[in-house]
Amino acid sequence: MSTYKILLLLMGLSILGCSDLEEEPVGLLSPEGFFSTPEDIQLAVNASLTHAINEEVWGRKLSVALMLRSDMVNLNSTQTRRVEMNMHTITGDNEMVFDPWTRIYLGIAAANNAIAGAEQVSADDDVKNPVTAQAYFARAFYYFHLVRLFGDVPYIDTPVDDIAAATNISNTPEAEVYAKIVADLEYAEQWLTNTVATRATPSKAAAKSYLALVYLTMAGNTPGSPYWQMAYNKAKEVITNKATYDVDLDPDFQTLFNANKIDASKEPIFVLDYNNNEAPDNAYDQIAPMTGIRGDDDGAGGGWSVSTPTLAVYNSFDPDDYRRRVSFQTEALIGGTFVDYTNFTSSGHEHAVNAPYIAKYLRFPGAFARGNKRATSHNYSMIRYAEVLLIAAEAGVEIGAADALDFVNEVRGRARNGGETTNGGYVAETVAPSAVPADLTSITVADVIEERRLEFAFECKRWYDIKRRQLGDQVFSASGYEGAKPDWNSSVDYDTPIPQDEIDRNPNISN
């Protein structure tokens, strides 16, 4: 490999074209000589965040892997890489491990370039630092995924242009990685703006919300951990100042999964935003077909029936909970006839299954650039206000805060609103307000974890909850929603194996 290609790979900058971030070519930037204005820093930040929306990260591979590793989504495929995710037999040769790993480090490299390049920009702190803070946020965002997936990982916080040095990097202990994530988010919290033109741009509320989630994760499953109080305090800062940050619950849960409406919603705090663009380098989303119904005459070519919930998952939702209506697709147009989920196999496709499908990404994708509802206009919420409320609730239970119950009931109260959705057959319907789910009168940690499961179903958060609360032996047992996972081994399966190619190239890196 030539030095030119090595430097291009290590810098990890790419061409944008798929989100609300400014569309500019960044290809051959380097910290030396390019950065002279805050706008140059912004271009590098945008390049960093573009890697997150790639098919190798949230566009498909990482997001689907997180779904399959949870107890909420089953697999209708025999492809080895997906079977390993679903059955927890993951190897270091799995491309659903290697591709996200590589792509995330490219995003980190671009963030490092932005941070280093900012040192060359002569501008007042109040002009330059809010832009640089976006790069700190992006780096923390990426490392937070890495540390939750892999545990100890190489921590790189400067541009790398020496291939010898790059192949001698070793793992950084998990605790140190978390400390560096916190430091990045604290810088972001200090300098990011209160409000942003698009929620694809990090804001002060995003930094605070992620700090709360990081502290919650650091607390793990440890009673009395000081991180519970820290998580509670940081979440409360967002809740108390929600007007300042222009965040709140959306009155209609369906809006959060309607690409035509979500831009106006106050609930998303930080999103990965796709804009009907089949961008270069696979920088677009394919989640809708991965969760879509085989044979569906939806005008887009139907789905691929790869990732579907079990009937037990569907039945675990109260029938009168509006979130079940929004989260599950129970009807489809097949062969010119509307059928319910008990007849989805009437399409004749071998991968079709008679079970409710995931509806959050199917019903309202907005305009899309490829068939099967690929390259959509979705905003994927990485963190939204409901999660801040449930972080405060969970941490609040742990520290005995009196308002923990109120935060859970606020989320449940929104679900009672009903709203504008479809009946599963693409016919619009208005769902009237309901008495379900009723307010809780008392609260436990298990109540909050269950509320998270219902509220964030299929939003790729459940696996991380299972890991941090060490729920694997419970949820992957015979009594779990997907039945027993016979290969589940809690001593090794909470961490993802580092890609074998990475270990082969660098003997200092190991699982």
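**Thr330 and helices 16 and 17**

In this predicted model, Thr330 is found in the loop that lies between strand 4 (328–329) and strand 5 (331–334), strands (E, at least two residues) and helices (H or I, at least four residues) being DSSP runs numbered from the N terminus. Residues are numbered from 1 along each chain as its sequence is written. Because the model is predicted, local features need pLDDT of at least 70 and side-chain atom pairs count only at pLDDT 80 or more, whereas totals for chains, interfaces and linings use all residues, and side-chain values use heavy atoms, with hydrogens and water left out.

Thr330 counts as buried because its relative accessibility is 18%, where buried means under 20% relative accessible area, exposed over 50% and partly exposed in between (1.4 Å probe, protein chains only). When neighbours within four places in sequence are left aside, Thr330 is in contact (heavy atoms within 4.5 Å) with Tyr314, Val339, Asp340, Tyr341, Phe344, Pro356 and Asn423.

Helix 16 comprises the 15 residues 385–399, and its end C-alpha atoms are 21 Å apart, in agreement with the 21 Å expected at 1.5 Å a residue, the expected span being 1.5 Å times one less than the number of residues. This helix is mostly covered, with 12 of its 15 residues buried, among them Tyr385, Glu387 and Glu394. Just after helix 16, Gly400 takes a positive phi of about 80°.

Helix 17 (residues 404–415) has 10 of its 12 residues buried and is therefore largely enclosed by the rest of the structure; the buried residues include Phe407, Asn409, Arg412 and Arg414. The buried residues of helix 17 pack against helix 11 (226–240), helix 15 (322–327), strand 8 (379–384), helix 16 and helix 18 (445–455).
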